Every structure is written in structure tokens, then in C-alpha cells.
Amino acid sequence: MKPSATVQNLWRSFSYIGLAVGTLLFATSLSPSLLPRHYAVQGVLSGVAFSVGYCIGILCIIFWQYLQLPQPTPRTERISKFVTTVIVSALAVGFLWRTTIWQNSIRQLMAMEPLETAYPLRVALIAMLTGIALLLSARMLRGCWRFVDRQAKRILPPRISFALSTMFVGLVLFLLVNDVVARFALHVADSVFANMEEIVPDGVEQPQSSLASGSPDSLIPWETIGRQGKSFVTMGPTQASIASVLGRESLQPLRVYVGLASQDTMEERAQLALDELIRIGGFERSTLIVATPTGTGWLDPGAVDTVEYLHAGDTAIVSMQYSYLPSWITIAVDPNRSKTAAKILFDHIYNYWKKLEESNRPKLYVHGLSLGSLGAESCADLFTVFDDPIQGGVYSGPPFPSTVWSNLVAHRNPESLQWLPTYRDGSMIRFTSQRNALENARAPWGKMRFVYIQHASDPMVFFSPDLLFKKPQWLIGERGPDVSPYFQWYPLVTFLQVGFDIPMATSVPIGYGHNYAPENYLDAWLAVTQPDGWNDESVGSLKAALK
């Protein structure tokens, strides 16, 4: 067979409807979403979108044939194909041409350098290669289904064999992906990030102060703290640096961090954290914070440093590692791990704290970023609030599986926006973003104060399975200041776009996406912990110093 004939046969083997639907999804996937994308990421995303669209087209044909509906006449089919080809091709070309404009519309809002080009031809090429690879995989799957269906037809009627064969192949595919592919990918990720735990950042050395976790006097061995824990206990502000910035006397902030390797179980690690906190005098400080880290064990310096400056070092922060995988992977593997770890650590600290004399104990707060927010917001239950209430907490970037956050947002005041909601009279819970919105409340602060910091451009917060079929509330009405005016919702496509944004959530400048700025934390801690001696001028000076 001649090469040209082979190419023609290969081309004819593709479904026209599948190609048309696939091209339509390819085109719409080029439109902007929450974050700017590198052309390689855009190419892979568009290739996935094309493949999904192609499969949808095939399923439509199969469903039509299954119902035994009449086929169009040759003339009707010819005209409809011509019209569809013109429309879909024009959309694809037009959307490719607009790619640079759309990407720059996001970059401009995030103070990023504009692109001269978004490389639409490269995007198209990568999308084509990705689409071909996925379609070949789908054809292999179809071949397996046909084989099973032929065997089933020997003993079953066609429609029954069709349904049973589809169910069987689907079940085998699910088990294969879940138990083989997913396990292999998780094993690889686990090995990579486990090895990264052994890497000590430059400039990080074992502390010698008896007040530091991991020091020779510490109950926590230095080598067990982990990469992120070592950075946390050694790279925060010192007594001297705080005094220099504030121009007044200060204390050395206390930080306790227990790594995954410090003890075998969560209960043992939490007890070790409590023992270490008691050893260094953490309960003798005015402010005590139980902080839940992200999936990697990281605590944002912008969150913890700011509260230490506000209180002139008269603080103690205790944290416990529960994973070393990034939050977006940990959410997929075990989203409840952070909640379990946060609850266990909080219970150990709280049960000791509430036995102390109320007049002679620190104010107790909780904090968490990303997956840490998921754990921190659920560690203090309703009975804790009634029994002996803590003073509040600061949560940033709450991830989409958070039921506490989603319930608050779902029951927000009707006139407020989803990306910047207000809840009831604002006496206990308030939301803020890049611009300080903590004064947008109907009533003064109460005894307990909780603040959520969230960016409208954070995919970790605003991803949702509902994006498959429903336009999100955050795209209705006034948009966040960091959301492109060109961002439009498309069924299925927006779900893929925001899903692809999640792993890239920290690839943008601080103050956007999943990167939260110190000045926003400063406003939140100022409102929640009410430190003495601060006014607008001194707060402004501290923000400038922290930048």
C-alpha cells in the first residue's frame, strides 16, 4: 500500500463528529482561566481537551446508533459537514490568534511582564501530539472492548452484550488506573519528595540555643525534623532583628516543630511537641499558635514572621508535620490526613492549656495555609468553643475540599460575593483578600475572631467538580481584581482549565494565586490577636520593612 493511501485510510478512520467536537473543545481551552500558563502546559491542556471532545463525539455516535435512530441523507450530511468545518476551523484559528492577548490579560493583573507571543503554533503542535497519544490509547481501549463484546455476543443479545461489555471494560480500566498507574505515580512522587526531605537548605545549620527545636538541649533530634521544619526553626526573625525593626525591646520568638521522623505515630509526635513546648516555656508567652503546615510540611514565613513582629517576639508557635507531598497531591491521596494531624496536635496543646489558670495562660490561636487550613479550621470543634473557647485563628488559601469553608461561603450574606463574602454580622468570622476588607462588617469584633484570606485567582480555593456543568458564582457579577475580564465559563473545559491551574498555583507572584502576601497576614493577625501599641503609621512602617 502506498504511503499516501495509508495516510488517507488513517484519516478516514477518524470520526468526523469526534474531530469537530474535539476541535471545539481545543479552541475553548485556549481561553484564559485563573492563572497564566506556559505554552507547554497550555499545549498539554488543549490536547487533553481535544481528546475529551473527540471521545464525547464518539459517545454521541454510539448512543445514536444504540437508539437505532435514522441516519441523515448524503446531501444533508455533506452540507452539515461543510458548515461545521468552516465554523469550527474559524474558531480554532481565531482562538489561537487571541491566545497572547488572553494570557497577557492575566499577567497584567498580576504585575507580570507581558508576553510578546504565547507561541500559538507550538501550542497547536504540543496539543496535536498529546491528542494523538491519548487517542491511540483510546483506540487500544476500544479494541479491548470490541474483543469482549464479540465474545459476549455469542451467548447474549446485542444490546445486553453491549452494556455488559462496556461495564466490564470500564471496571477493569478503573481498577488498572487506580491500583497500578496511580500507585506507581504515587510511589514515584513519594520517593522524589522523600529524598528532598534529606536536602538541607543552604545556610541552615543546627541551632545551638536551648530554646530552639533540634538544638543539643531539645527533646526533638535535629536530623528528624525534616527539610521544611529545619527552615522553620532556624530562619525566622530573631530577638535582635525584631528589636531593630520595632525600635523597642523584644523577646526571642519560640518555635516548636516535630517532623515525620521524630516519632512513629501522630499521637507520639503530638506528645513530643507538647513536651518540647513546655520545656522552652511556650505556655509562658502571651500568644500561642497551633499551626498546621501545608502538605510538604511548610509554614509560610509571611504568616508566622508577621505575628512575631506584631507581638515583639512574645509568641510561641507549635507545628507538626503529617506529610512531605505537595498539598495538591496530598488532597488527591488522603485529604483527611491534615485534619487528623491538626486535631491530635490541637487536642494535646488545648487539654494542657485549659488546665492553666485563665489569668496566667497565653491566648490560644490556630493557623493554617492551604491543606493546613483544612486541618486548622476543623481541629477546634463546637464543644471546644462552649467548654473553654480559644481566641481565634487565621486561615489562608482554604482548599476546595474544606467543608467548613464551603459551608460558610454557601451561607454568606446574599449581597456579598463568593470570592469576598461576608458572614452574618461579621463579629466572629470575616474574609479578606489583597485589599484589606476586614472592616466590612455589620458589628464589632466579638471575643472569638477568625479570618479567612483568599485570592479570587486561587485555583486551590475555587476549583470544584461543579465546574463541569455549572457556571461558578465567582464569575457572576463583580469579579476579583486578579481575574481576567476575558475569563468565560465553558462546560467541561473550565473544569479542565482550573484543574490544570492547581499544580501551578504558586507559580505567580506573591499576592496572587496561592501565594499570600505578608501584608495581608499582618492585617489578619492584627485584627485577630489585637496586639498593643499599633496604629496606622506603625503598621504601615512594618509592612514596608517586611517587603
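**Exercise 1. Which residues of the largest nonpolar core touch the most other members?**

Keep in mind that this is a predicted model.

*Step 1.* Start with the core itself: the largest nonpolar core has 99 residues.

*Step 2.* Pick out Val318, Ile349 and Leu364, which touch the most other members.

*Step 3.* Now find the element with the largest share of this core: helix α12 (residues 337-353) gives eight residues.

*Step 4.* Take a look around Val318. Setting aside neighbours within four places in sequence, Val318 is in contact with residues including Val256, Ala273, Leu288, Leu345 and Ile349.

*Step 5.* Finally, look for the second, separate core, which has 13 residues, among them Leu30, Phe50, Trp102 and Leu135.

**Exercise 2. Find the cavities of 30 Å³ or more and sort their lining residues by class.**

*Step 1.* Searching the whole structure gives two such cavities.

*Step 2.* Begin with the largest cavity, whose volume is about 40 Å³. Its lining includes Pro421, Tyr423, Arg430, Phe431 and Asn440.

*Step 3.* Sort the lining of the largest cavity: six residues are nonpolar, three polar and one charged.

*Step 4.* Move on to the second largest cavity, with about 30 Å³ of space. Among the residues that line this cavity are Val290, Thr292, Met320, Tyr322 and Leu345.

*Step 5.* Ask which elements give two or more residues to this second lining: they are β2 (287-292) and α12.

*Step 6.* Sort again: the lining of the second largest cavity has eight nonpolar residues, one polar and no charged ones.

**Exercise 3. Where do the two topics meet?**

*Solution.* Compare the lists: Val290, Ala291 and Leu345 are in contact with Val318, and these three residues also line the second largest cavity.

Note on methods: Residues numbered from 1 in each chain as written. Predicted model: local features only at pLDDT ≥ 70, side-chain atom pairs only at ≥ 80, totals over all residues. Heavy atoms only, no water. Core = buried A, V, L, I, M, F, W, Y, C linked by side-chain atoms within 4.5 Å. Buried < 20%, exposed > 50% of the residue type's maximum accessible area, 1.4 Å probe, protein only. Helix = DSSP H or I, 4+ residues; strand = E, 2+ residues; numbered from the N terminus. Contact = heavy atoms within 4.5 Å. 1 Å grid on protein atoms, 1.4 Å probe; cavity = no way out; pocket = protein on both sides within 12 Å on 5 of 7 lines; lining within 4 Å. Points joined across faces, edges and corners; volume = space filled by probe spheres on them. Nonpolar A, V, L, I, M, F, W, Y, C, P; charged D, E, K, R; others polar.
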